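The following note sets out several local features for consideration. The points are numbered for ease of reply.

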Amino acid sequence: MMRRRLLLLIALVMMLALVGSAQSKKDAAKTQVMWLGHAAFEVVSPGGTRLLIDPFLKENPATPPEFKELKRYKPDAILITHSHGDHLGDAMEIAKLSGAKVMSVNMPEVFRKAELPESQVLTVNVGGTLTVGDVTVHVVPAMHGSEPSGRPVGFVMDFADGNSIYHQGDTWVFGDMALIQEFYHPTIILLNVGGKAYGQSPEIALLAVNRYFKPQTIIPMHYASLPTLSTEAEVRAAIGKDQRVVFMKPGETKIF
């Protein structure tokens, strides 16, 4: 009797292990989005391509301590929306440590100071499209500043599983958002809701989504990280009732 129970227990453990392994493989074949606080994200495609976006990490108050260690990142490409420090962040250091290519508009002053090899620079501009692994990246406009060099952009990333992620960078609402929807149909929007003196408020950000886009998921970003930005309470009060809105915690990963 005891032996039979032991065999049944072993069979059950093996079955659970197989189920867990199958689920892990299934999750790995989907798009994964990790928020690192502020506008920083790591996105992993179904094929395993890693994209690091606006990696403001070491000096980012919202980034958990364990994610400030730059050696942990092994991206295939680093996408930079503009050259402000809270978006450019640690991109150049991570590029040097990992050998990853940096995708951005031409930022001569930034590249000169970083002494990054030309082979690691993927210069783009609005309307451009590049392929990184199994991900197609479209460069779209943004309305903001970009001192000391370059201009602000956003990125729309197309994935093999049908997901399309729009990272807005820093922006305000603008009429050509209608063309972003028409051409690229983003299913997930990483929505800038920082408000205050430097960008669109949560209310305006949601108005722009409702006017121009038809996403399945809206992930708020660029808030509650610096004193000059909207607080989490303000953002939740403004857009939290929309069922498409998914709030993430820095360091958290969602699978889509």
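Where is the place of Thr81? The points below begin with that residue; the model is a predicted one.

1. Thr81 is found in the loop between strand E4 (77-79) and helix H2 (85-88). With a relative accessible area of 0%, Thr81 is buried. Its side chain makes a polar contact of 2.7 Å with that of Asp54, and another, of 2.9 Å, with the side chain of His82.

2. The surroundings of Thr81 may be listed next. Apart from neighbours within four places in sequence, Thr81 is in contact with Asp54, His87, Arg151, Pro152, Val153, Phe155, His167 and Gly169.

3. Backbone geometry deserves attention at Pro148. The peptide bond joining Glu147 and Pro148 is cis, with omega of about 10 degrees. Pro148 belongs to the loop between strand E8 (135-141) and strand E9 (153-158).

4. Which sign does phi of His185 have, positive or negative? The value is positive, near 50 degrees, in a residue other than glycine. His185 lies in the loop between helix H5 (177-184) and strand E11 (188-192), and is partly exposed because its relative accessible area of 47% falls between the 20% and 50% cut-offs.

5. His222 likewise calls for a check of its backbone. Its phi is positive at about 60 degrees, although His222 is not a glycine. The residue is placed in the loop between strand E12 (217-221) and helix H7 (232-239). At a relative accessible area of 3%, His222 is buried.

6. The count of aromatic pairs comes to five. One of them joins Phe183 and Tyr184: the ring centres are 6.1 Å apart and the planes stand at 75 degrees, so the pair is edge-to-face. Phe183 is partly exposed at 49% relative accessibility, whereas Tyr184, at 19%, counts as buried because the limit is under 20%.

7. The rings of Tyr223 and Phe247 also form an edge-to-face pair, with centres 6.5 Å apart and planes at 85 degrees. Tyr223 lies in the loop between E12 and H7, and Phe247 in the loop between H7 and strand E13 (253-255), so the pair ties together parts that are 24 residues apart in sequence. Tyr223 is buried at 3% relative accessibility, and Phe247 is buried at 16%.

8. Ring pairs link Tyr223 and Phe247 with Trp35 and Phe41 into a cluster. In addition, the charged end of Arg236 sits over the ring of Phe247, 4.1 Å from its centre. Elsewhere, the charged end of Arg72 sits over the ring of Tyr73, at 5.8 Å from the ring centre.

Methods
Residues numbered from 1 in each chain as written. Predicted model: local features only at pLDDT ≥ 70, side-chain atom pairs only at ≥ 80, totals over all residues. Heavy atoms only, no water. Helix = DSSP H or I, 4+ residues; strand = E, 2+ residues; numbered from the N terminus. Buried < 20%, exposed > 50% of the residue type's maximum accessible area, 1.4 Å probe, protein only. Polar contact = N/O pair within 3.5 Å; in protein donor to acceptor, adjacent residues only side chain to side chain. Contact = heavy atoms within 4.5 Å. Phe/Tyr/Trp six-rings, centres within 6.5 Å; stacked < 30°, edge-to-face > 60°. Lys NZ or Arg CZ within 6 Å of the ring centre and 35° of its normal.
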